[in-house]
Amino acid sequence: MRALVSTMRAELIGAGGVVERNAYLTKRYIWWDVAWFLWTVANTLTIVFIAKGIEATGGDLDVNRTMTTLLIGAVVWAYLGILFEFLMETVAWERWEGTIEYTFMAPLSRAMHLAGQGVFAIAYGLLRATFLFVVCAFLFFDLSMPDAQFYPAFVVLVVSSVSFIGIGMMMSVLPLISPEKGTQLGFVAQGTLLVVSGVYYPVEVLPQWMQWIATISPATYALDGIREAILEGQGMTAMWDEIGPLLIIGVVSIPLGLWVFGRGEQYAKKHGKLKRSG
Amino acid sequence: MSEVAVRVEDLRKVFEVPEREAGLKAATKSLVRRKTREVRAVDGISFEIAPGEIVGFLGPNGAGKTTTLKMLSGLLYVSGGEARVLGHIPSKRERDFLRRISLVMGNRNQLQWDLPALDSFELNRAIYRIPRPDFLALRDELIELLEIGDLVRKPVRQLSLGERMKVEIVGSLLHRPQVLFLDEPTIGLDVTMQKRLREFVAEYRQRHEATVMLTSHYMADVEALCERVIVIHHGKLLFDGDLAALSDTVAAWKTIAIVLENGAGDLSSYGDVIHRDGDLVTLRVPKAETARVTARLLAEQEVLDLNVEDPPIEDVIELVFAREAVE
């Protein structure tokens with residue numbers, strides 16, 4: 001028992017080290033991150049302005065509500081992008097930096113290595129998503145959200161992160177299998193989630209077969225829950241309809257993600273793909 | 001401690017690499033039917049290294065040195081045979097194994113490019129579970145030994161190649177590895193820096209009784225550090241033994257460099273004249289006859305200076321490879 005506790009403690013310290021390293025790296029390029037944040041803001045505004053555009057061209061809609069709906073979609077999408085990017089970088093970035101062999105030789109279990117990446121990605125992503133939402137909703141558009149329940153919305157986003165991390169782990173194996181094109185292929189999975197999860201439109205408008213896929217996408221439940229909390233003012237109790245499926249997807253996706261990553265690592269070690277680019 | 005630090009038995013690594021003819025037609029055809037061929041990077045090598053031993057692992061580019069070291073570090077799976085390091089099978093990634101080895105590759109980096117080395121050292125401390133007092137003591141000791149106190153606070157990308165190599169080595173040794181795989185650690189470094197690193201490796205090995213396996217194209221590294229060498233070529237083991245024995249086995253000759261009082265005449269009766277530069281003549285003679293030829297030269301010629309030398313190790317290694325190519 002003591003050995004188990006000691007091992008767990010060591011693993012957590014190691015994962016903490018990975019979090020710390022990512023924090024140092026982010027701090028190192030903080031001004032570039034600010035510049036990139038401006039791009040995210042611009043991208044989000046472009047999407048939210050669509051509601052105003054429809055109204056301006058004679059469309060009949062509740063502009064404030066539609067803008068908020070689109071804003072939530074854009075913010076969740078940006079958040080998802082951050083999580084996936086950090087997970088994908090587990091391999092791609094280290095390959096580019098030339099540190100990949102050393103990272104894979106370190107006495108840290110792959111689960112804790114990926115958990116370290118994931119935890120930092122969640123913390124950083126949540127911070128950015130919150131900031132993005134505040135800047136766009138209140139500083140730029142002055143949107144009205146009289147019934148909004150931000151706490152349940154935040155909880156749903158945090159819970160959904162677990163499932164996103166599991167999917168991110170599966171995607172991060174792509175650069176391991178294909179050093180040349182794997183990273184780009186990761187966007188395919190990200191794009192698929194974008195299409196089926198109702199990021200900018202209700203899932204009901206999709207063909208039936210896409211709606212089936214939507215039921216296993218954590219983004220569907222995350223968006224539903226956050227919109228219910230912010231637009232309808234639903235509290236924590238109502239969130240269980242979303243949190244339940246999100247937890248189930250998380251329970252499946254995390255072990256599956258680790259398994260897929262493990263298989264990818266085996267493939268890379270068998271075929272000599274665990275090496276730096278160039 | 002185990003009786004053997006590194007044991008390799010009939011170790012093999014085979015890669016399947018795609019190949020096709022040049023041109024658009026061949027490129028299109030390869031989309032449907034991909035042709036591959038087997039490359040035997042390591043082809044049945046066996047050796048053992050005792051704890052505390054330092055061994056030169058030599059071979060030309062593509063001989064299979066790095067592939068072998070990667071298999072011994074668990075970064076590559078073996079295709080056949082067996083490798084054990086400190087009693088562990090490297091591919092299993094057992095924590096006890098990973099905490100006791102280190103691989104330093106001269107053309108790779110383990111330290112984050114954008115961070116000061118001190119930050120990366122901290123990550124190693126966390127991952128290798130080094131107690132802070134031990135970590136600080138060894139870190140400072142290594143920094144002092146390599147005289148890099150003013151370098152570890154700069155981002156690694158701002159360091160020169162030699163400086164980077166020094167901080168890389170510190171990063172690799174913080175957990176006091178018992179087995180050290182050094183793959184071209186002095187590549188690209190100037191002569192002074194090479195010498196400093198060699199001294200450092202020797203000192204580390206002595207202090208920590210570490211086992212070291214060193215690959216290098218600089219024979220000065222090998223001569224300075226290794227009593228034993230393992231030579232491989234095309235994935236096969238060509239020689240395993242004392243460095244001196246390698247010279248005796250492959251190059252059973254010595255060179256005699258002489259300067260004569262009355263200028264150099266025809267000296268071909270003494271041995272093969274391999275170099276002539278004014279009054280200086282270099283002869284190659286069989287090792288067994290060196291003493292007799294030297295005595296004859298001293299007796300029969302007006303010798304101003306005479307120097308008998310073993311063949312340079314570079315030449316010996318070259319001969320090993322050439323002999324393998326002929327066979």
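Two strands count as paired here if DSSP finds at least two bridges between them. With that in hand, a good place to start in this predicted model is chain B, where four strands form an open sheet in the order β11-β12-β10-β13, with antiparallel pairing. The strands at the edges are β11 (272-277) and β13 (303-309) of chain B, each of which has a pairing partner on one side only. Going from one strand to the next, the twist averages 20 degrees.

Zooming in on one pair from this sheet, β10 (residues 253-260) and β12 (residues 280-286) of chain B run antiparallel and are joined over seven bridges. One residue to look for is B:A257, whose bridge partner in β12(B) is B:T282. A helix goes with these strands too: α10 (residues 290-300) of chain B lies across β10, β12 and β13 of chain B. Relative to β13(B), α10 of chain B runs at about 175 degrees.

How does chain B divide up as a whole? The domain assignment gives domain 1 (6-247) and domain 2 (252-310). Taken over C-alpha atoms, the centres of domain 1 and domain 2 of chain B are 42 Å apart.

Next comes the meeting of the two chains. Chain A puts 25 residues into the contact, and chain B puts in 25 residues. On the chain A side, α1 (2-28), α4 (100-105) and α11 (236-271) each supply at least two of the residues that touch chain B. The largest share, ten residues, comes from α1(A). Sorted by class, the chain A side of the contact has eleven nonpolar, six polar and eight charged residues.

Helix α1(A) also packs within its own chain, against α5 (residues 110-140) of chain A. The axes of the two helices lie 8 Å apart and make an angle of about 45 degrees, so α1(A) and α5(A) are oblique to each other. The crossing of α1(A) past α5(A) is right-handed. From α1(A), the residues making this contact are A:E11, A:G14, A:A15, A:V18, A:V19, A:N22, A:A23 and A:T26. Facing them from α5(A) are A:M112, A:H113, A:A115, A:G116, A:Q117, A:V119, A:F120 and A:Y124. Taken by class, the contact between α1(A) and α5(A) holds nine nonpolar, six polar and one charged residues. Helix α1(A) thus turns up twice in this account: it gives the largest share of the chain A side that touches chain B, and it packs with α5(A).

How values were computed. Residues are numbered from 1 along each chain as its sequence is written. Chains are lettered from A and ligands numbered from 1 in the order in which they are written. This is a predicted model: local features need pLDDT of at least 70, side-chain atom pairs count only at pLDDT 80 or more; totals for chains, interfaces and linings use all residues. Two residues are in contact if their C-beta atoms, placed from the backbone, lie within 7 Å. Ala, Val, Leu, Ile, Met, Phe, Trp, Tyr, Cys and Pro count as nonpolar, Asp, Glu, Lys and Arg as charged, and the others, Gly among them, as polar. Axes are lines fitted to C-alpha atoms, for helices over the stretch in contact, and angles run from 0 to 180 degrees between N-to-C directions. Angles under 35 degrees count as roughly parallel, over 145 as roughly antiparallel, 65 to 115 as roughly perpendicular and the rest as oblique. A crossing is left-handed if the near helix is turned anticlockwise from the far one by less than a right angle, and right-handed if clockwise. Domain bounds come from an automatic or database domain assignment.
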